[in-house]
Structures are given as structure tokens and as C-alpha cells.
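Subject: Structure for you to look at

Dear colleague,

I am handing over the structure we talked about, and I would be grateful if you kept it open beside this message while you read.

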Amino acid sequence: MDLLKAIEDVLKSAHQPLHVGVIAEKVISGGLWKSSGKTPEATISARLYSDIKKKGEASAFVKVSPQTFALRNSSMEETNSGSTPTPTKEAPKPPSVHTGFSFIDCAQKALEDFGGKKPMHYKEITEKALEKGWLVTGGKTPEATMYAQVITEIKRQQKRGERPRFVQHGRGYVGLSQWMGRGLAFQIEQHNHQVRKALRERLLVMKPGEFEELISQLLAEMGFEMVEVTKLSGDGGIDVRGALVVGDVVRIKMAVQVKKWKLKNNILAPVVQQVRGSLGAHEQGLIITTSDFSAGAIEEAAQPNKTPIALMNGEQLVMLLMEHGIGVHRSTPDLFEIDEDALLTGEGK
């Protein structure tokens, strides 16, 4: 029997929410599902997160508390905090420029060299970048691409609790946040920096099962489906397998190894080689660590003519957790600022 159907039958019989540990016990003892993994609870949790993430309100399941799930149409649904929001689609990234400058880097350089600490219109920014030869692109609408990339970066950094390097001033004008001094926005960034630091430290003291649930939830939020935890973290080899789905069109089989290591213990090249050697047919690899990677590991992961291994270090892990609201909650005050351009325009009429 399919695992999700088995879970649904167990929850129907229970008539109440159940912890994943209880669900695992019931589906296995009832002969509804067999697992060869060492952590069936984590596998069940990952599959439920993935189903809820993919189907939203159409999913038969709903999370009512940490590691506890119920049927969506049950009387306990009202205790749920709400379905998982669909992530905002980001503008597609343009092809990299031949000079080594991306659209974003060109925008910053144009503002620094020609802005005079005042906002510039995105069309003027693009014109200067092309004129100076910083930006080389075959696209027919570089201005639109430039503006889309700047807005995308602002939104992404805001989601991660970072201070965006660009600031929107309305009507297509963009400036640099560093020109705004050390006001409230700077204080917010300093606060969020401390939150990122605290979150990373909390990851290191989490129990293995809790940490695996966190990673499973993150993978589901990132677009993974059919997530299955294969063994306890730290056992070596592959910890999680799943399929990374992009736009319901591209499906990439992924094998993930998770390393909950202390900050000073960097991942070395042999670990990357081990993961590559453990990949199945048509699989790509991903290593997630709370620490970082040595120069040798980074070089090994990008070896030409070998299956590439993606690397996610502790800083990137924390950023993604914050971006998807996992382990943190967002408190967004309304921050008003004077629109100098609008006021000046009004005076001139």
C-alpha cells in the first residue's frame, strides 16, 4: 500500500491527530507499509511535509503541532496555523555576462560611480553599464532584466532577514542602502544578524530526529518531492533521497547527506568523494552542513567530467531556513520614509 494512503487510513481510524511516531508504529504493526530505513518516523514526516507543500489545501493532511498531523477535514483542522504558503516565484536569472559582472553587480557599480549617493532610474543604470562595457548580454530587453533582478534580490534578502543592498524609491528609481546611514534599517539588520547566529547555534544542539525533521521540512519548501530519510544523520552515506521539482517540469533525482558538525569542523574532500560514490543512477548529490567546506572539498565538488555535488554550508542553511520561515517567525513593522522625489515634483507644479 502507498505510504500516504496508509497514513490516511491510520488517521481515519484514530479520529484524532497523531504524532509521527505513533503513525509509524501503526502503519508498520498493521502491515500497511514496510520500511527498510532506520528512521521511519522521519520518512513519514518528510512525506507528509512534501504532500502538504505540493498540494496546499488540496492535501488530505494538515500539521497541527510539531511532528503531529491530522486529516484536513477532521474537527481538529481549526487548530492548524494555516496551509503552507506557495513561495513567490522569482524572476529567471539572466545569462552570466562575459566580463564577470552580473546584472546585480553592474547595478551596484553604476550607482557607486554615477549616482552621487542619489537614486538612479533603472534604465539609466542599464545604459551606463552597457556604455562602460561592464554588461554584455544578448537579451533584447536588458533594462527590464536589470530591474527584475534588482527587485528579486531586494525581496530575497528581505525574506532572509538581511539588509538589502538596494533600495526602491518608486517610479523605477533605485539607490544603495549604504547611503541611508545607520538608521532603523541598520538596527534591524544588526538584530537579524544576531538571530541568524542564535539559530545556527540552536541547530547544533538539536536532537537527531528533530534536526532531520527540520531538514526534511526545508527540502519540501525548496521544492523536493518524495523525500525519504534513509538513516540517522552521522551514520555516513546518503541520509535523504528525493526529487527536486522545478515548475512541475524538471525533475532531478537528488541524494542528500546531512552533517551536523561544529562550526570549526569543515567538510573535507573525502566526504564529497564518498557522496559521489554513493549516488544511484541519474542522481545528483547535495551535502548540507552546519559548518563549512574546505577549499579541497569545494574543488572536488566542482571537478569537471564528474557528477557535480552541490554544497550548502551553515550560513546558507540558516539563510534558507529564515527565507522559508522555518525555526523563526517574522515580525514586520511598517517603516515610512519621505519620498523626496514626489515632494519635489509636487513643488514644481
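What follows is a walk through the chain as a whole, then its sheet, and then some of the helices and strands.

Please bear in mind from the start that this is a predicted model. The chain has 349 residues, of which 41% count as buried, and it contains 12 helices and 11 strands. Among the contacts with a separation of 6 or more, residues 24 or more positions apart account for 60%. The chain exposes about 19,400 Å², and carbon and sulfur atoms supply 51% of that area.

A good place to begin is the open sheet of 5 strands, whose order is 7-8-9-10-11 and whose pairing is mixed. Strand 7 (224-229) and strand 11 stand at its edges with a single partner strand each, so one side of each is left without a neighbour in the sheet. On average, and ignoring direction, neighbouring strands of this sheet are turned by 25 degrees against each other. At one of these edges, strand 7 pairs with strand 8 (residues 240-246) in the antiparallel sense over 4 bridges, and there you will find F224 standing opposite L244 of strand 8.

Helix 8 (residues 208-222) packs on the sheet, where it touches strand 7, strand 8, strand 9, strand 10 and strand 11, and its direction makes about 160 degrees with that of strand 7. Helix 3 lies across strand 7 and strand 9, and it runs at about 170 degrees to strand 7.

How far apart should the ends of helix 3 be, at 1.5 Å a residue? For the 16 residues of helix 3 (residues 40-55), the expected span is 22 Å, and the end C-alpha atoms are 22 Å apart, which agrees. Of those 16 residues, 13 are buried, so helix 3 is largely enclosed by the rest of the structure. Just after helix 3 comes G56, which takes a positive phi of about 60 degrees.

Helix 9 (residues 269-277) is worth turning in your viewer, with A269, V271, V272, V275 and R276 picked out as its buried residues. Those residues cover an arc of only 160 degrees around the axis, which puts them on the same side of helix 9. On the other side of helix 9, P270 and G277 are exposed. As general background, an α-helix has 3.6 residues a turn, so residues three or four places apart point the same way. The cover over the buried residues of helix 9 includes strand 9 (250-259), strand 10 (283-289), helix 10 (295-301) and strand 11 (309-312).

Within strand 11 lies I309; is this residue buried or exposed? Its relative accessibility is 5%, and because buried means under 20%, I309 counts as buried. Leaving aside neighbours within four places in sequence, I309 is in contact with several residues, including V272, V275 and R276, which are also among the buried residues of helix 9. I309 and Q284 are 25 residues apart in sequence, yet from C-alpha to C-alpha they are 6.6 Å apart in space.

Finally, please look at strand 2 (residues 61-65) and strand 3 (residues 68-71), which pair in the antiparallel sense over 4 bridges. K63 has F69 of strand 3 as its bridge partner. The two strands form a hairpin with 2 residues between them, and Q67 in the turn has a positive phi of about 60 degrees.

With best wishes

Methods
Residues are numbered from 1 along each chain as its sequence is written. This is a predicted model: local features need pLDDT of at least 70, side-chain atom pairs count only at pLDDT 80 or more; totals for chains, interfaces and linings use all residues. Side-chain values use heavy atoms; hydrogens and water are left out. The expected span of a helix is 1.5 Å times one less than its number of residues. Buried means under 20% relative accessible area, exposed over 50%, partly exposed in between (1.4 Å probe, protein chains only). Contact means heavy atoms within 4.5 Å. Accessible areas come from the Shrake-Rupley method with a 1.4 Å probe; for residues, only the protein chains shown count as cover. The arc is that of the directions from the helix axis to the C-beta atoms. Two strands pair if DSSP finds at least two bridges between them. Axes are lines fitted to C-alpha atoms, for helices over the stretch in contact, and angles run from 0 to 180 degrees between N-to-C directions.
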